[in-house]
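Here are my notes on the model you sent round. I've kept them to numbered points so you can follow along with the viewer open.

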Protein chains: 2
Amino acid sequence: MTESRRGRPGYDRAGVLEIAVRAFNEHGYDATSMGTLADRLGLSKSAIYHHFPSKESVLDAALEQGIGALEAVLAEPGATTGRAADRLRFVLERAVHVLVDRLPYVTLLLRLRGNTSVERAALERRREFDRAVTALVVEARDAGQLRDDIDPRIAERLLFGMINSIVEWYRPEGPEDADRLAQDVLAVAVDGLRLR
Amino acid sequence: MTESRRGRPGYDRAGVLEIAVRAFNEHGYDATSMGTLADRLGLSKSAIYHHFPSKESVLDAALEQGIGALEAVLAEPGATTGRAADRLRFVLERAVHVLVDRLPYVTLLLRLRGNTSVERAALERRREFDRAVTALVVEARDAGQLRDDIDPRIAERLLFGMINSIVEWYRPEGPEDADRLAQDVLAVAVDGLRLR
DNA sequence: GTCTATATTGAGATAGAC
DNA sequence: GTCTATCTCAATATAGAC
């Protein structure tokens, strides 16, 4: 994003990152070699090392794009003011939009296994995000704004199970736009599939 | 499962498979080397090749355990007779139980990237399963048993996003048992989190 | 059913020229 | 910003003995 880029050979960091993340998502990070990356970039392996000092640093940069955007949602006004249930709705809806807007980066984040310290650091930030959302569920339930027969931690996990799964099938070119998708997620989460 | 096994050194196929799948899930299939596997088994690498002809054949055997159990659900009487909405409920509930009963095998299945023909074959069977469930959602909706303002394909994906995410956090040792978990999933899926 | 080699390939990464 | 080597190491897999 630092400049206009594009023109094929002549990559900047963000350009390399974009292609690399796509490859990581298609084959998995571990299964993607620097050689494969080089092929897809139309570069030699060593050219990649001009932009990133290691394969893992590419991963690190990519993960920051995903987790940073999710963390930012929690700092938005809609997540910090108003009824707990409304703040929860806001976070869920914004999370869907972040997933869609940064699809490849969040996809990568959600598939981590924690093999290295870079991965573990990102996983820890994800857990912290989940804890914050769980706290919101607790607050909304205690305020009598949510059903109280489901454990808030289970509820949070089911909600984000639903939301996170979006990265596995949503494609921006498809018919459904992000607003409609967020609306559907909220509809199922809040009211369920039962006919009314 | 062919015999009683256990006693440490002296593995049968199922014994090797069990340990291997655990390792695959912890580090990812690609990130798990035969050397790591050998260490965790307390064997040499070559001993593994006595039980399985290749690393990929270990994966193949593991995936069969997972996808086979899911496919079997669709053949149970509860999935083939009765109201469409009830059949759908049945499949969702049984799917949760399969996930819990075969947690490591289904976990592995759900994390595939399709890098090899073995993986792609399993993914195709998963897609076929999803298609069958989507058909059930369509049928229930057309029979007026489900809300009709959400695309059945989206609904199916959100439902199984929720269900499949269970493998990422559920641990059998924990407080929540499988029956309760299935009940919670159905509660959210059918009625949502709204207070009633 | 397991072992100790070992063959062979491909990985991540570096050196140094253009 | 990119290239052509090349280093080094770890991976899958095999041979053949116990």
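The points below go through the two DNA strands, then the aromatic pairs, and then a few single residues.

1. Before anything else, keep in mind that this is a predicted model. Every distance and percentage below is computed from that model.

2. Start with DNA strand D. There are 19 residues around this strand, and those that come nearest are A:Gly10, A:Ser44, A:Ser46, B:Met34 and B:Lys45. On the DNA side, sugar and phosphate make up 58% of the strand D atoms that come within 4 Å of the protein.

3. Which helices should you display for the strand D side? Pick α3 (45-51) of chain A, plus α2 (34-41) and α3 (45-51) of chain B, since each supplies at least two residues of the surface near DNA strand D. The largest share comes from α3(A), with 4 residues. Sorted by class, the surface near strand D has 11 polar residues, 6 nonpolar ones and 2 charged ones.

4. Three individual contacts to strand D deserve a look. In the side chain of A:His50, an N or O atom is 2.9 Å from a phosphate oxygen of DNA strand D. For B:Tyr49, a side-chain N or O atom is 3.0 Å from a phosphate oxygen of this strand. B:Lys45 goes to a base instead: a polar atom of its side chain lies 3.3 Å from a base oxygen of DNA strand D. B:Lys45 is also on the list of residues that come nearest to strand D.

5. Now DNA strand C. Here 18 residues surround the strand, and A:Met34, A:Lys55, B:Gly10, B:Ser44 and B:Ser46 come nearest. Of the strand C atoms within 4 Å of the protein, 58% belong to sugar or phosphate, and bases provide the rest.

6. What does each chain bring to strand C? α3 of chain A and α3 of chain B each supply at least two residues of the surface near this strand. α3(B) gives the most, with 4 residues. By class, the surface near strand C divides into 10 polar, 6 nonpolar and 2 charged residues.

7. For strand C, check the backbone as well as the side chains. A backbone N or O atom of A:Met34 lies 2.5 Å from a phosphate oxygen of DNA strand C. B:Tyr11 also uses a backbone N or O atom, which lies 3.2 Å from a phosphate oxygen of this strand. With B:His51, a polar side-chain atom lies 3.0 Å from a phosphate oxygen of strand C.

8. On to the aromatics. Over all chains, the structure holds 6 aromatic pairs. One of them joins B:Phe129 and B:Phe160: the ring centres are 5.5 Å apart and the planes are at 90 degrees, so this pair is edge-to-face. The pair links distant parts of the chain, with B:Phe129 in helix α8 (residues 117-142) of chain B and B:Phe160 in helix α9 (residues 152-164) of chain B, 31 residues apart. Both B:Phe129 and B:Phe160 are buried.

9. How do B:Trp169 and B:Tyr170 sit against each other? Their ring centres are 6.5 Å apart and their planes are at 75 degrees, so they too form an edge-to-face pair. B:Trp169 counts as buried at 15% relative accessibility, and B:Tyr170 counts as buried at 4%.

10. There's a lysine over a tyrosine ring in each of chains A and B. The charged end of A:Lys55 sits over the ring of A:Tyr29, 4.5 Å from its centre. In chain B, the charged end of B:Lys55 sits over the ring of B:Tyr29, 4.5 Å from the ring centre. A:Lys55 has already come up, among the residues that come nearest to strand C.

11. Is A:Gly28 buried or exposed? A:Gly28 is buried, with a relative accessible area of 15%. This glycine lies in the loop between α1 (13-27) and α2 (34-41) of chain A. Leaving aside neighbours within four places in sequence, A:Gly28 is in contact with A:Ala23 and B:Arg113. A:Gly28 and A:Leu108 are 80 residues apart in sequence, yet 8.3 Å apart in space, C-alpha to C-alpha.

12. Last, A:Arg87 in helix α6 (residues 84-101) of chain A. At 12% relative accessibility, this arginine counts as buried. Its side chain makes a polar contact with the side chain of A:Glu139 at 2.7 Å. Not counting residues up to four places away in sequence, A:Arg87 touches A:Glu139 and others, including A:Gly78, A:Thr81 and A:Leu136.

How values were computed: Residues numbered from 1 in each chain as written. Chains lettered and ligands numbered in written order. Predicted model: local features only at pLDDT ≥ 70, side-chain atom pairs only at ≥ 80, totals over all residues. Heavy atoms only, no water. Near = heavy atom within 4 Å. Polar contact = N/O pair within 3.5 Å; in protein donor to acceptor, adjacent residues only side chain to side chain. Nonpolar A, V, L, I, M, F, W, Y, C, P; charged D, E, K, R; others polar. Phe/Tyr/Trp six-rings, centres within 6.5 Å; stacked < 30°, edge-to-face > 60°. Buried < 20%, exposed > 50% of the residue type's maximum accessible area, 1.4 Å probe, protein only. Lys NZ or Arg CZ within 6 Å of the ring centre and 35° of its normal. Contact = heavy atoms within 4.5 Å.
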